[in-house]
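Me: Please take a close look at one loop in this model, beginning with where it sits. Then work outwards from it through the rest of the assembly.

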Amino acid sequence: MIVEARVGDRVSRVEVRAVGDRYLVSVDDRTLDVDFIDCGDGFLSLMVDGESHDVTVERRSGGFALTLRGSRVIVDLGPSLPAGVAPRHGSGSAARLVAPMPGKIVRILVPAGGSVEAAQGVVVMEAMKMENELRAPRTGTVREVHVQEGQTVETGALLVVVE
Amino acid sequence: MSAFRKILVANRGEIAVRVIRACRELGIASVAVYSEADRGALHVTMADEARPIGPAPSRESYLRIDRILDAARGTAAEAIHPGYGFLAENAAFARACEDAGIVFIGPRSETIALMGEKTSARRVAVEAGVPVVPGTLEPVADIDQIHREAERLGFPVMLKAAVGGGGKGMRLVTSPSDLETSLARARSEAGSAFGDERVYIEKAFAGPHHIEIQVLADHHGNAVHLFERECSVQRRHQKVVEESPSPFVTPELRSLMGDLAMALVRKVGYRNAGTLEFLVDADRHPFFLEMNTRLQVEHPVTEMVTGIDLVKLQVRIAAGERLPFVQDDLRQRGHAIECRVYAEDPDRGFLPSPGRISAVRIPGGPGIRTDSGVYAGYEIPIHYDPLLSKVIAHGEDRESAMARMRRAVAEHRIVGVATTLPFHERLLRHDAFMAGNYDTSLVERMADDPSAVDEPRLDLAIAAAAIASFRACGRPNPKAAGSPQSPWWQAGVAEAQRGRE
């Protein structure tokens, strides 16, 4: 199996082969010989070169979230690309700000047409008894505002498009 | 021996579990109350009896004084422990208990009212000879007056809700142009969190220490303090890590803060457990901030270093017993640290991350205590505070407590949501924290220097994800390797198709 794995900005080509009761996994140029046991409930035990790794895994939209001794890593998996095709990066086009959690829109700080800097507060959302300022995903102009103040939204709801 | 046979716990989550455990050790029956969202919660499972008190939103359940009193009467509970948050510092609730002949495990309602309004607490502290943070002794509403006060104090200033606490309704203002919007934000947050929009203004210190003193007082005029807790590791003005003793506090400062705390406790005739919060500046001058007239989230830190069970003593004091010790009997033994594990994503500015917890592993071993309210299968309700568990490490000194905590944080797993565990891992290896040389600006400074997961561990994570996907179906099926709706997936497919043309 060959897939593309994306962690933040890093994109890797990953090949998995089952060899007996082990897995040979190539991540870009590095090959890992992995003894992999599923302990149930999302707990995994991985042994690589005699080193024991205590990993938890949870499935999420687009891939998996993994925890390794205090670090949480989101790995998105997609189909592999033909050789020579550069993976697409999410720059240059419109960026969408979606609700990271269910909650209520308290204030819209930048109306449609307003310009924003990357990481500038755009929408204030109340969830879990706190007001949270949601920040612009990139520098640009707010093209679309899809919510109103006072509105309740679910996780993943499109709030604002910045172009 | 205790005067109570049954206690109702008017709370939820880990603190309700904590109080139920104390009741069980004392041989007292416990009654849990729960909202419609909490039927499956741990406190309900652990209590001897449980009563539903309404729909999920807290103002229709955990904040309903009438329903909680009905539950107490209906179960013949003789006392109510309020925990922290919800009605714990609500004077009307304490008074309603007093009127109903049910013992409120805490101070008298008039003390709660006096200390709960931050400006009246500041006034009584001044009367008791306790220095307060410079600022107004009355709430201020008029924007012109706020401008005048801010200019007088000098920027930065802090706008704070006159009632309530926990970092809500609080805004740091660094320039006059931000005053008006910050005032609106603070008032609206205070209004929605506490039902009271009044705010007052205080001088904001640069990088202060947030240090608090635990006190206990009985109904017979005896009072002691149980030393300090260092609470300077904060995000959004809310604590995430506490320790005792404070690496910043000298024996002289400890004794001074203890004396100030006792002066205020005597001045107001305080009863039961309480905490005086102080800001301490770089020159080690303490300024009284506010008093929390209840048990604190971080009380286990004090329990570990003093060997005293604060919750059991709260119950015994409320039953009329005398304090079983005097100040000179008390010592700080070793060092304790607490890490609060929240359902928040430390990589995204500590945004809440609600969801379903699929699995939990609680850390154990020497010197580790975990106060947790979660379990596998638990759906984190969006209606309440996102605190999931607290890990407390105790050791003979700060070094060994930190080593134990580092181990425990790596052992602790909560699967299914983002938590603050990775933040704790970073903090416990941060130079300033390890040296004990930090103030309230630490978390912000850490955000400027985000951790990168090293390459070998990243490769391992990628390999684990790829194997998990492979085992799920043996090929990169969208169902296993991510949803076909995923933008990443779609972008990949589009690129792949374009590449073929």
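Reply: The loop between β3 and β4 of chain A is where Asp28(A) is found. The model is predicted, and in it Asp28(A) has a positive phi of about 50°, although this residue is not a glycine.

The two strands that flank the loop also share a side-chain link. Asp33(A) and Arg22(A) form a salt bridge, with 2.8 Å between the closest N and O atoms. Arg22(A) belongs to β3(A), residues 22-27, and Asp33(A) to β4(A), residues 30-40, so this pair ties together parts that are eleven residues apart in sequence. Over all chains the structure holds 47 salt bridges.

Both strands are part of a barrel in chain A. Eight strands close into it, in the order β1-β2-β3-β4-β5-β6-β7-β8, and the pairing is antiparallel. On average, neighbouring strands of this sheet are turned by 35° against each other, direction ignored. Further along the barrel, β5(A) (residues 43-48) and β6(A) (residues 51-60) run antiparallel and are joined by six bridges. One of the partners in β6(A) is Glu51(A), which is bridged to Val48(A). As background, the strands of a sheet pair through backbone hydrogen bonds, in either a parallel or an antiparallel sense.

Elsewhere in chain A, strand β10(A) (residues 103-108) has pairings with two strands to describe. With β12(A), residues 121-127, β10(A) pairs in the antiparallel sense over four bridges, and Ile105(A) has Met125(A) of β12(A) as its bridge partner. With β15(A), residues 152-153, β10(A) is joined by two bridges, again antiparallel. In that pairing Val153(A) of β15(A) stands opposite Gly103(A).

Chain A also meets chain B. In this interface, 70 residues of chain A are in contact with 68 residues of chain B. About 6,100 Å² is buried between the two chains, 67% of it on carbon and sulfur atoms. Five salt bridges are found across the interface. Among the salt bridges of the model is the one between Arg10(A) and Glu455(B), where the closest N and O atoms are 2.5 Å apart. Residue pairs in polar contact across the interface of chain B and chain A number eleven, counting those with both residues at pLDDT 80 or more.

On the side of chain B that touches chain A, the elements giving two or more residues are α8 (179-194), β16 (351-352), β17 (359-361), β20 (413-415), α13 (421-427), α16 (455-473) and α17 (487-500) of chain B. Of these, α16(B) gives the most, with 18 residues. By class, that side of chain B has 38 nonpolar, twelve polar and 18 charged residues.

Chain B has an open sheet of its own. Its eight strands follow the order β13-β12-β9-β10-β11-β14-β19-β18 and pair in the antiparallel sense. At the edges stand β13(B), residues 286-292, and β18(B), residues 368-372; each has a single partner strand, so one side of each is left without a neighbour in the sheet. From one strand to the next, the twist averages 25°. At the β13(B) edge, six bridges join this strand to β12(B), residues 272-280, and the two run antiparallel. Glu277(B) has Glu290(B) in β13(B) as its bridge partner.

Two helices of chain B lie against strands of this sheet. Helix α11(B), residues 310-318, packs on the sheet and touches β9 (209-217), β10 (223-235) and β12 of chain B; the direction of α11(B) makes about 40° with that of β9(B). Helix α12(B), residues 398-411, lies across β11 (238-244), β14 (335-342), β18 and β19 (387-395) of chain B, and runs at about 140° to β19(B).

Finally, two loops of chain B hold backbone details to set beside the positive phi of Asp28(A). The loop between β11 and α9 (251-268) of chain B contains Pro245(B), and the peptide bond from Ser244(B) to Pro245(B) is cis, with omega near -5°. The loop between α7 (143-153) and β6 (157-161) of chain B contains Pro156(B). A cis peptide bond joins Phe155(B) to Pro156(B), with omega about 0°.

Methods: Residues numbered from 1 in each chain as written. Chains lettered and ligands numbered in written order. Heavy atoms only, no water. Pairing = 2+ DSSP bridges. Axes fitted to C-alpha atoms, helices over the stretch in contact; angles between N-to-C directions. Contact = heavy atoms within 4.5 Å. Buried area = accessible area lost by both parts, 1.4 Å probe. Salt bridge = Lys/Arg side-chain N within 4 Å of Asp/Glu carboxyl O. Polar contact = N/O pair within 3.5 Å; in protein donor to acceptor, adjacent residues only side chain to side chain. Nonpolar A, V, L, I, M, F, W, Y, C, P; charged D, E, K, R; others polar.
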